[in-house]
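Here's a quick tour of one strand and the packing around it. Have a look at the model first, then read on.

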Amino acid sequence: MRSFRDAKLMARSLRDTMAARQVPLSHAETLEIVARQFGYDDWNVLAAKIGEGAPAAPPEKPAEAVRLQMGIPILRIFDEAKAKEFYLGFLGFAMDWDHRFGPNMPLYMQVSRSGLQLHLSEHHGDASPGSTVFVWMEGVDAYRAELIGKRYTYSKPGIQEEGPGGRTLEVPDPFGNRVRFCEKRD
């Protein structure tokens, strides 16, 4: 708000809008409402704080037109049962949802664990087999112990002490994809 007049125009607009909805308010009542919207006890305090002809506030920094969110990797899978055995059973992810366009159509699903989300897809064009997903984490030793304790026939992952970025636990899935769980070095 730049001036005393702007606040009065707000009050006038509020009064006109409420009148159109058949809620009659006096001009004084709308001035008091505007004052409270700006955190002041009454119109007199707001009017004193604004001051007639007060200099305009500097323009706000415009919001960025592009705001990126978290990315979610898509990994190609070929067999629903093997994917569920590996991602849900072995890695301990939960299935959030799945989708098919119809019966006997390719599966697309989301799995997650501790804030990490992965999309798994049987759709031919979604991803290439052999992808690698890099995941920052804490507790890599505990996670390895959990995985080894499951006695999964097809994987006994070890920790690479000098992995890029830190101690790395790389786990290949049945479809040639790899998930690298990495804990930063101290």
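Two strands count as paired if DSSP finds at least two bridges between them, and the strands themselves are DSSP runs of E with at least two residues, just as helices are runs of H or I with at least four, all numbered from the N terminus. This is a predicted model, so to speak of local features we need pLDDT of at least 70, and side-chain atom pairs count only at pLDDT 80 or more, while totals for chains, interfaces and linings use all residues. Residues are numbered from 1 along each chain as its sequence is written, and side-chain values use heavy atoms, with hydrogens and water left out.

Strand 7 (residues 166–172) has an antiparallel partner in strand 6 and another in strand 8. Here are the two pairings:

| Pairing | Bridges | Opposite residues | Hairpin turn |
|---|---|---|---|
| Strand 6 (residues 159–163) and strand 7 | three bridges | I159 and L169 | two residues between; G165 phi about 100° |
| Strand 7 and strand 8 (residues 178–184) | seven bridges | G166 and K184 | five residues between; G176 phi about 90° |

Five of the seven residues of strand 7 are buried (under 20% relative accessible area, 1.4 Å probe, protein chains only), so the rest of the structure largely encloses this strand.

Now for the packing. The largest nonpolar core (buried Ala, Val, Leu, Ile, Met, Phe, Trp, Tyr and Cys joined through side-chain atoms within 4.5 Å) holds 27 residues, and L169 and V171 are among those with the most contacts inside it. Helix 4 (80–90) gives this core its largest share, four residues.

Technical notes: Buried < 20%, exposed > 50% of the residue type's maximum accessible area, 1.4 Å probe, protein only.
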